Amino acid sequence: MPPKTIFEPARQIPLYGEYEVAVLGGGPAGIAAAVAAARAGRRTLLIERYGFLGGMGTAAGVTNFCGLHANVHGEMHRLVRGIASDLLARIDRLGGLNAPHLILGKILAQAYDTAAYKIAADDLLSACKVDILFHALGAGVVMHDERRINALLVETKAGRQAVSARIFIDCSGDGDLAAWAGAPFEVGDNEGGMLYPSMMFRLNGIDPERAGDAWRTIPALMEKAEAAGTHKFPRKSAIVRPQRSGIEWRVNFTQLKRDDGRAINGLEPDDLTRGEIDGRRQAVAAFEFLRTVPGFEKSYIVDLPPQLGIRETRRVIGGYMLSGEDVLGCASFEDSVGVNGWPMEVHVAGDVIFKFPPIPESRGFNELPYRMLLPQGVDNLLVAGRCASMTHDGQSAARVSGACFAMGEAAGSAAGLALSGNTIPRDIAVEKLQQALQQQGAFIGRDQKVPEGL
Ligand SMILES: Cc1cc2nc3c(=O)[nH]c(=O)nc-3n(C[C@H](O)[C@H](O)[C@H](O)COP(=O)(O)OP(=O)(O)OC[C@H]3O[C@@H](n4cnc5c(N)ncnc54)[C@H](O)[C@@H]3O)c2cc1C
């Protein structure tokens with residue numbers, strides 16, 4: 001039976017503002033997109049439903065950057081630079097950035113404190129004169145015609161308002177804006193399966209001396225506990241690692257599913273509600289086990305984040321969909337606007353499967369084509385971040401923060417170029433975008449020298 005509906009009468013909506021560029025979503029992609037557009041001299045607004053920036057990195061308690069680095073023929077390099085470097089420097093100045101740490105002996109990641117990330121991102125956007133509208137939930141669009149967005153509708157405490165712009169950038173992670181505008185998209189593996197979400201949490205009160213390298217011993221302790229029948233875990237491959245202060249560790253341990261065993265769907269309100277509640281229950285169960293690990297006996301849950309961590313929902317279909325083969329084959333593209341050095345990280349039922357390009361034989365990173373950012377069917381829209389144009393497999397890699405910063409910077413810069421040329425993003429000269437990105441300090445692959453250092 002179709003759901004019951006009610007009629008909402010048409011109404012006049014106050015115009016919040018008229019912008020050249022409007023960015024929906026303040027995660028890594030949105031931060032970089034807004035900064036790049038503003039640095040290109042464009043009047044830019046970033047709209048975010050929470051009262052802080054960082055996306056999943058803060059709102060879902062991720063507290064760890066992946067994908068900034070690549071393992072290039074056995075040597076580590078930080079490849080994602082440009083705006084990401086400006087943000088990292090600010091986080092570091094606040095004392096909130098760890099040194100990079102090795103994952104699976106093959107690739108680096110870098111942990112951070114969420115408070116420092118939030119403050120650093122505020123500072124960066126305000127230094128670049130980006131206008132920010134917090135506590136505003138994007139809720140729909142008004143179109144000029146089939147191919148052009150006129151305004152984004154947002155729900156705020158002051159009621160529904162409209163934001164008009166010449167170019168929109170969808171960095172919502174879920175492809176909300178692109179879907180409302182009528183761009184085609186896929187969801188998960190197209191068979192109802194998505195990467196499973198997790199409820200992150202952090203523990204404090206750990207004895208760092210006694211805990212030592214507990215991340216190495218925890219998987220075996222989990223197996224032992226399951227064999228003894230004292231605990232049952234939602235997934236293998238738990239990630240439990242120290243933050244900047246060794247008394248505090250982040251825990252990436254949970255996995256949220258529906259009754260039919262499939263992943264909680266981040267586009268369904270009832271699924272999300274269940275995921276939040278089950279996620280907190282799983283966090284408590286994980287904590288009870290972790291308290292049995294040496295050094296963790298006196299620990300306590302210091303933080304459960306504002307929301308469940310969603311890895312994948314809509315992926316907008318653009319001019320090219322980055323695939324798993326592209327990631328494993330370290331693909332090159334003539335229209336490259338950035339790179340991804342993170343492997344495929346597939347969150348399947350009960351486990352996490354990593355697939356790396358050959359190491360050290362390969363250069364360890366793929367390029368990201370500009371076409372990934374150009375949704376089909378809508379002319380004044382770019383999309384960046386985890387909802388950009390990728391296959392389910394490609395997204396399992398390039399959804400992490402590093403590639404999202406790179407995509408965001410490219411999208412914001414492309415919007416700037418399109419506006420200066422009085423054209424649409426699809427029609428800009430890609431070479432000009434590539435030049436601009438390199439001048440801004442970004443690494444886009446091609447014939448550019450691989451940056452040295454971490
Ligand atoms: C549990 C978990 C662990 C992870 N671990 C890591 C890790 O260790 N390292 C790593 O680099 N990556 C990790 N990731 C992946 C990474 O965090 C995300 O893929 C990345 O943050 C995506 O960036 P984004 O900017 O595309 O989107 P998001 O980070 O999802 O940001 C989207 C933003 O848009 C806002 N938004 C969405 N819809 C609307 C709307 N309608 N109106 C207004 N605002 C809206 C959201 O509030 C959010 O701030 C993890 C993800 C999860 C879920």
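These legends accompany several close-up views of a predicted model.

**View 1. The ligand and the shell of residues around it in the predicted model.**
The ligand is surrounded by 34 residues, and the closest are Glu48, Asn64, Cys66, Arg399 and Ser401. Sorted by class, this shell comprises 15 nonpolar, 13 polar and 6 charged residues. At least two residues of the shell come from each of helix H1 (28-39), strand S3 (64-66), strand S9 (137-145) and helix H11 (401-420), and S3 gives the most, with 3 residues.

**View 2. Polar contacts to oxygen atoms of the ligand at alanine 29, arginine 49 and cysteine 66.**
At alanine 29, a backbone N or O atom is found 3.0 Å from an oxygen atom of the ligand. In the case of arginine 49, an N or O atom of the side chain lies 2.8 Å from a ligand oxygen atom, while at cysteine 66 a polar backbone atom lies 2.8 Å from an oxygen atom of the ligand. The protein buries 97% of the 990 Å² that the ligand exposes when taken alone.

**View 3. The hairpin formed by strands S9 and S10.**
Strand S9, which supplies at least two residues of the shell around the ligand, pairs with strand S10 (residues 148-156) in the antiparallel sense, and 7 bridges join the two. Within this pairing, valine 141 has leucine 152 of S10 as its bridge partner. The two strands of this hairpin have 2 residues between them. In a regular strand, side chains alternate between the two faces of the sheet.

**View 4. The hairpin formed by strands S19 and S20, with glycine 350 in its turn.**
Strand S19 (residues 344-348) is mostly covered, with 4 of its 5 residues buried. S19 runs antiparallel to strand S20 (residues 351-355), to which 5 bridges join it, and methionine 344 stands opposite lysine 355 in S20. Between the two strands of the hairpin there are 2 residues, and glycine 350, in the turn, has a positive phi of about 80°.

**View 5. The cis peptide bond between isoleucine 359 and proline 360.**
The peptide bond that joins isoleucine 359 to proline 360 is cis, with omega about 10°. Proline 360 belongs to the loop between S20 and strand S21 (366-369); S20 is also the strand that pairs with S19 through 5 bridges in the preceding view.

**View 6. The hairpin formed by strands S14 and S15.**
Strand S14 (residues 239-242) and strand S15 (residues 249-252) are joined in the antiparallel sense by 4 bridges. Isoleucine 239 has asparagine 252, in S15, as its bridge partner, and the hairpin has 6 residues between its strands.

**View 7. The surroundings of serine 299, a residue in the loop between helix H8 and strand S16.**
Serine 299 is placed in the loop that lies between helix H8 (269-290) and strand S16 (300-303). With a relative accessible area of 1%, serine 299 counts as buried, because this value falls under 20%. A polar atom of the serine 299 side chain lies 2.7 Å from the backbone oxygen of phenylalanine 296. When residues up to four places away in sequence are not counted, serine 299 touches Leu203, Asn204, Gly205, Ile206, Phe287 and Arg291.

**View 8. Leucine 104 and arginine 446, each with a positive phi.**
Leucine 104, a residue other than glycine, has a positive phi near 55° and lies in the loop between strand S6 (101-103) and strand S7 (107-111). Leucine 104 counts as exposed because its relative accessible area of 54% is over 50%. Arginine 446, also a residue other than glycine, has a positive phi near 50° and is found in the segment after helix H12 (430-439). The relative accessible area of arginine 446 is 37%, so this residue is classed as partly exposed, in between 20% and 50%.

**View 9. Isoleucine 119 in helix H4.**
Isoleucine 119 is located in helix H4 (residues 114-127) and, at 41% relative accessibility, counts as partly exposed. The C-alpha atom of isoleucine 119 is separated by 31 Å from that of leucine 374, and these two residues are 255 residues apart along the chain.

Note on methods. Residues are numbered from 1 along each chain as its sequence is written. This is a predicted model: local features need pLDDT of at least 70, side-chain atom pairs count only at pLDDT 80 or more; totals for chains, interfaces and linings use all residues. Side-chain values use heavy atoms; hydrogens and water are left out. A residue is near a molecule or strand if one of its heavy atoms lies within 4 Å of it. A polar contact is a pair of N or O atoms within 3.5 Å; within protein, one must be able to donate a hydrogen and the other to accept it, and residues adjacent in sequence count only if both atoms are side-chain atoms. Accessible areas come from the Shrake-Rupley method with a 1.4 Å probe; for residues, only the protein chains shown count as cover. Ala, Val, Leu, Ile, Met, Phe, Trp, Tyr, Cys and Pro count as nonpolar, Asp, Glu, Lys and Arg as charged, and the others, Gly among them, as polar. Two strands pair if DSSP finds at least two bridges between them. Buried means under 20% relative accessible area, exposed over 50%, partly exposed in between (1.4 Å probe, protein chains only). Contact means heavy atoms within 4.5 Å.
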